[in-house]
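Hi,

Here is the structure I promised to pass on to you. Have a look at it first, and then read my notes below.

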Amino acid sequence: MATANKNLSNYDKNSLPNAKDFRFGIVVSEWNDHITNGLYNGAEAALLDCGAKPENIIRWNVPGSFELVYGAQRMIVTQEVDVVITIGCVIKGETMHFEFVCEGVTQGIKDLNVQTDVPVIFCLLTDNNEQQSIDRSGGVHGNKGTEAAIAAIKMADLRRKTNS
């Protein structure tokens, strides 16, 4: 298990760029919202801790994880953000639906990263059961949302440096 010996919430704020000048878009799936709200809370807290201004954090909700791609694309086009974090949670069930949703979102986020100038951060939990998702959204393994926020700061900084 990749996160068994790692806390997703650990980061060194002093080694990161200050986030005060970046605009962050966060697209959050409403499906499994008891998980995705925890992920959002972790991301927002880390962004604020690293200097982001509350008014520069834009949250949009979408119905499910499959809709994250469209939400991220529209946010890029309409909100002048430096980076977008997509937050979702898909828990494996008894049908192939899990595989189709996970594959579609993964490829869609990859496509946005290739086709646009705005980095899109992949914060999609794809767990076998609800407990694994709880453990990664503020539970025993920390918060994947925090980890996504740190990646977002680094990628926004990279974008700014390479577009100068």
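**Strand S1 and its neighbours**

Val28 of S1 has Ile87 as its bridge partner in S3. Please keep in mind that this is a predicted model. That pair belongs to a set of five bridges joining S1 to S3, and the two strands run parallel.

On the S2 side, S1 (residues 24–29) is joined to S2 (residues 57–62) by six bridges, again in the parallel sense. Two of the residue pairs are easy to find on screen: Phe24 stands opposite Ile57, and Val27 has Trp60 as its bridge partner in S2. Between these strands comes helix H1 (residues 33–49), and S1, H1 and S2 together make a right-handed β-α-β unit.

How covered is S1? Six of its six residues are buried. In a regular strand, side chains alternate between the two faces of the sheet. Here Phe24, Ile26 and Val28 point one way, while Gly25, Val27 and Ser29 point the other way, and all of them are buried.

**The whole sheet**

Zooming out, there are four strands in an open sheet, ordered S2-S1-S3-S4, with parallel pairing. Which strands stand at the edges? They are S2 and S4 (120–127); each has a single partner strand, so one side of each is left without a neighbour in the sheet. From one strand to the next the twist averages 15°.

S4's partner is S3 (residues 83–91), and the two pair in parallel over eight bridges. One of the pairs to look for is Ile85 with Ile121, its bridge partner in S4.

Two helices on the sheet are worth a look as well. Helix H5 (residues 144–162) packs on the sheet, where it touches S1, S3 and S4, and its direction makes about 160° with that of S4. Helix H2 (residues 68–79) lies across S1, S2, S3 and S4 and runs at about 145° to S2.

**A glycine in H5**

Have a look at Gly145 next, which is found in helix H5. Is this glycine buried or exposed? Gly145 has 0% relative accessibility, so it counts as buried. Leaving aside residues up to four places away in sequence, Gly145 touches Leu39, Gly42, Ala43 and Cys123. Gly88 lies 57 residues from Gly145 along the chain, and the C-alpha atoms of the two are separated by 9.9 Å.

**Rings**

How many aromatic pairs are there? The count comes to one aromatic pair. It is formed by Phe22 and Phe24: their ring centres are 6.2 Å apart and their planes stand at 85°, so the pair is edge-to-face, given that planes over 60 degrees apart count that way. Both partners are covered: Phe22 is buried with a relative accessible area of 3%, and Phe24 counts as buried at 0% relative accessibility. Phe24 is also the S1 residue that stands opposite Ile57 in S2, so you can go from the ring pair straight back to the strand pairing.

There is one charge over a ring to show you too: Arg59 lies over the face of Tyr40, at 4.4 Å from the ring centre.

Happy browsing, and do write back with anything you would like to discuss.

Best wishes

Note on methods. Residues are numbered from 1 along each chain as its sequence is written. This is a predicted model: local features need pLDDT of at least 70, side-chain atom pairs count only at pLDDT 80 or more; totals for chains, interfaces and linings use all residues. Side-chain values use heavy atoms; hydrogens and water are left out. Two strands pair if DSSP finds at least two bridges between them. A crossover is right-handed if, with the strands pointing away from the viewer, the path from the first strand over the helix to the second runs clockwise. Axes are lines fitted to C-alpha atoms, for helices over the stretch in contact, and angles run from 0 to 180 degrees between N-to-C directions. Contact means heavy atoms within 4.5 Å. Rings of Phe, Tyr and Trp (its six-membered ring) pair if their centres lie within 6.5 Å; planes under 30 degrees apart count as stacked, over 60 as edge-to-face and the rest as tilted. Buried means under 20% relative accessible area, exposed over 50%, partly exposed in between (1.4 Å probe, protein chains only). A charge sits over a ring if NZ of Lys or CZ of Arg is within 6 Å of the ring centre and within 35 degrees of the ring normal.
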